[in-house]
Amino acid sequence: MSIPSRRDILQVAQGKLGKRTSNSKTNEITQLVKMYTKCPITNKPLEEPIVSDWRGHLYSKEAVIGELLQKKGRFKSLNDVIDIKIRLENGKLTCPLSGKVVDLLDDDVTLQELQFSYIVPCGCAMNTKVLRDLNAVRCPLCHEPFDQQNIIDINGNEAELQKRMDTLMEKRLYHNLKERKRKKTPEDKVSKKRKVL
């Protein structure tokens, strides 16, 4: 029986650490694939039209409308989501700018290939790297103007997206950039009565 050397012990430890890193990446890929294929409300396959909330989570629009009709708490208005123009057919995701087709069921799919973003307010979706490398002020697909802060990563960094949402709330805007109606105060009701008289 031989005693393992320090070098042998380090190699084993590094191998285990490497596996842990690849497992976390695999989990992230699995989570993204699920996001592109299942509606979190119904847990059924995503169906067009597809919408997204401010966190970059994708939903079947019909499921969101059903939730709104039942007055469940996730959404208060259709203004809380935006219609997404995403090329997603038969388990394949296509970037309209690069033309690259990503097979969601391919075991060799990479995280970078799965990272897509969409633009508010137009909803055009494309590969995140391709879009950000353009540094555009107009959507490269429909030419609608937009601010860089209104590029929403699908399943993006929630802390960054929360900052955007906080700013929109201060400006009294929804995720889709439509204006929020101000709640009427008792003073508003009194002034309305005075205008009628």
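Is isoleucine 154 buried or exposed? Isoleucine 154 is buried, with a relative accessible area of 5%. The notes below start from the whole chain and come back to this residue. The model is predicted.

1. **Overall make-up.** The protein chain has six helices and nine strands. Its length is 197 residues, and 34% of them count as buried. The exposed area is about 13,400 Å². Carbon and sulfur atoms supply 51% of that area. Among contacts with a separation of 6 or more, 47% are between residues 24 or more positions apart.

2. **Isoleucine 154.** This residue sits in the loop between E9 and H5. Buried means under 20% relative accessible area, and isoleucine 154 has 5%, so it falls in that class. Leaving out residues up to four places away in sequence, isoleucine 154 touches Leu32, Met35, Tyr36, Gly56, Leu58, Ile86, Phe116, Ser117 and Tyr118. Leu32 is 122 residues away along the chain, yet the two C-alpha atoms are separated by 8.4 Å.

3. **First aromatic pair.** The structure holds two aromatic pairs. One of them joins tyrosine 36 and phenylalanine 116. The geometry is edge-to-face, with 6.4 Å centre to centre and 80° between the planes. Tyrosine 36 belongs to helix H1 (residues 6–37) and phenylalanine 116 to strand E7 (residues 116–119), so the pair ties together parts 80 residues apart in sequence. Tyrosine 36 counts as buried, at 1% relative accessibility. Phenylalanine 116 is buried too, with a relative accessible area of 2%. Both Tyr36 and Phe116 are among the residues that isoleucine 154 touches.

4. **Second aromatic pair.** Tyrosine 59 and phenylalanine 75 have ring centres 5.2 Å apart and planes at 90°, so this pair is edge-to-face. Tyrosine 59 lies in strand E2 (residues 58–60). Phenylalanine 75 lies in the loop between helix H2 (61–69) and strand E3 (82–84). The pair therefore ties together parts that are 16 residues apart in sequence. Tyrosine 59 counts as buried at 3% relative accessibility. Phenylalanine 75 is buried, with a relative accessible area of 5%.

5. **Leucine 88.** Which residues does leucine 88 contact, leaving aside its neighbours within four places in sequence? They are Tyr36, Leu46, Glu48, Ile50, Leu93 and Leu104. Leucine 88 is placed in strand E4 (residues 87–89). It counts as buried, at 15% relative accessibility. From leucine 88 to aspartate 103 the C-alpha distance is 9.9 Å, and these two are 15 residues apart in sequence. Tyr36 appears here as a contact of leucine 88, and it also appears in the contact list of isoleucine 154.

6. **Cis peptide bonds.** Glutamate 48 and proline 49 are joined by a cis peptide bond, with omega about -5°. Proline 49 is in the loop between H1 and strand E1 (50–52). The bond from valine 120 to proline 121 is cis as well, with omega near 20°. Proline 121 is found in the loop between E7 and strand E8 (125–127). Glu48, on the N-terminal side of the bond to proline 49, is one of the contacts of leucine 88.

7. **Positive phi outside glycine.** Asparagine 43 has phi near 60°, a positive value in a residue other than glycine. It lies in the loop between H1 and E1. Asparagine 43 counts as partly exposed, at 47% relative accessibility. Histidine 143, also not a glycine, has a positive phi of about 70°. The place of histidine 143 is the loop between helix H4 (128–134) and strand E9 (151–153).

8. **Largest pocket.** How much space lies in the largest pocket? The figure is about 310 Å³. Sixteen residues line this pocket, and the closest to its centre are Trp54, Arg74, Asp80, Met165 and Arg180. Helix H5 (residues 158–170) gives the most to the lining, with four residues. By class, the lining divides into six nonpolar, three polar and seven charged residues.

Methods
Residues numbered from 1 in each chain as written. Predicted model: local features only at pLDDT ≥ 70, side-chain atom pairs only at ≥ 80, totals over all residues. Heavy atoms only, no water. 1 Å grid on protein atoms, 1.4 Å probe; cavity = no way out; pocket = protein on both sides within 12 Å on 5 of 7 lines; lining within 4 Å. Points joined across faces, edges and corners; volume = space filled by probe spheres on them. Helix = DSSP H or I, 4+ residues; strand = E, 2+ residues; numbered from the N terminus. Nonpolar A, V, L, I, M, F, W, Y, C, P; charged D, E, K, R; others polar. Buried < 20%, exposed > 50% of the residue type's maximum accessible area, 1.4 Å probe, protein only. Contact = heavy atoms within 4.5 Å. Areas by Shrake-Rupley, 256 points an atom, 1.4 Å probe, with all protein chains shown as cover. Phe/Tyr/Trp six-rings, centres within 6.5 Å; stacked < 30°, edge-to-face > 60°.
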